[in-house]
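Trainee: Can you walk me through this one? I'm new to reading structures.
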Amino acid sequence: MGLSEEEGGKYWDKEAKSYNEEVEKHRNRYYELVECIIDLMNPKKTDVIMEIGAGTGAVSLLLAPKVKKIIAVDISKEMLRIAKEKAAKAGVDNIEFVRGTFHKPNIAEKVDIIVTIDSLHCTTNGNYKKRAIEIMHGYLKNEGKVFLEDEMIVYDQKILKRRVDQIVRYLVKLTRKSDKEFRDVLFEERPNIHDLKEFFDESMSYYIKGMAKTGHHLKLEDLVRYFEDSGFEVKETKRASSTNGIIYARKTKNA
Ligand SMILES: C[S@@+](CC[C@H](N)C(=O)[O-])C[C@H]1O[C@@H](n2cnc3c(N)ncnc32)[C@H](O)[C@@H]1O
């Protein structure tokens with residue numbers, strides 16, 4: 001889903017309550033994420049963290065005891081209302097909640113660390129995302145760090161090929177049909193393709209290129225390039241799952 005800021009604000013206001021129910025059901029995911037943030041970013045008690053797209057506060061709430069202050073920024077009033085309520089209930093008093101966006105976080109200070117989880121993919125297109133990363137650079141102190149976890153195309157040719165082999169073997173076994181019969185059905189429109197592997201490879205690459213073109217799902221390499229072009233050094237990238245990736249980047253020079 002790629003939404004403009006105006007559409008996004010309305011959409012997430014409507015979704016906030018049920019989104020928070022999902023967050024509560026998947027608390028373990030957030031514990032794991034925060035563990036990974038702490039391992040990579042090594043936050044200090046004196047640090048100020050800005051979380052952009054903070055949602056109902058799952059990550060901000062877990063990080064708050066580790067640092068001086070968190071500024072939880074989100075486009076949705078309703079998300080922030082729920083996050084505030086959760087912070088009050090948990091007795092966490094070092095989170096500031098700010099209505100803002102990736103392009104206009106509405107904060108008056110520079111921060112040590114920026115965290116953003118599962119949010120940048122919600123924005124319109126590649127240009128919005130690229131600009132968001134340039135803006136992060138401006139809000140960081142020298143050598144400030146960014147931790148970004150999000151849906152992105154973490155395409156790995158070797159893994160894809162292995163999966164394709166497994167699927168083909170499984171399908172043949174399941175239906176007891178010969179490879180030839182499959183070929184007749186699947187390759188009707190693709191006379192130049194000769195085996196199932198080639199067929200899957202081609203289909204997957206169409207799919208992946210198509211997703212990348214929308215700008216909603218960017219490739220890990222594109223995001224890395226945006227960071228590098230904006231004056232960051234990318235210190236580490238990780239696959240978080242088959243659909244999600246992690247980027248840890250550090251500001252290298254003043255904008
Ligand atoms: C999928 S939720 C993730 C929330 C939270 N980070 C989490 O992992 O639970 C996406 C969040 O991004 C926010 N968001 C969407 N577009 C935004 C934008 N342009 N600027 C700032 N926040 C935005 C939404 O309001 C929503 O809270």
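Mentor: We'll take the chain, then the ligand, then a pair of helices. This is a predicted model, where local features need pLDDT of at least 70, side-chain atom pairs count only at pLDDT 80 or more, and totals for chains, interfaces and linings use all residues. Residues are numbered from 1 along each chain as its sequence is written.

Trainee: How many helices and strands are in the protein chain?
Mentor: There are 9 helices and 7 strands. Helices (H or I, at least four residues) and strands (E, at least two) are DSSP runs, numbered from the N terminus.

Trainee: New topic. Which residues come nearest to the ligand?
Mentor: W12, G53, G55, T101 and S119, out of 20 around the ligand. A residue counts as near if its C-beta atom, placed from the backbone, lies within 6 Å.

Trainee: Which helix gives the most to that shell?
Mentor: Helix 1, residues 5-25, with 4 residues.

Trainee: And helix 5 with helix 9, how do their axes cross?
Mentor: At roughly 40 degrees, and the axes come within 9 Å. Axes are lines fitted to C-alpha atoms, for helices over the stretch in contact, and angles run from 0 to 180 degrees between N-to-C directions. Helix 5 and helix 9 are therefore oblique. Oblique is what remains after roughly parallel (under 35 degrees), roughly antiparallel (over 145) and roughly perpendicular (65 to 115).

Trainee: Which residues make the contact?
Mentor: Helix 5 uses G126, K129, K130 and I133, and helix 9 uses D222, Y226 and F227. Contact means that C-beta atoms, placed from the backbone, lie within 7 Å.

Methods. Contact = placed C-beta atoms within 7 Å.
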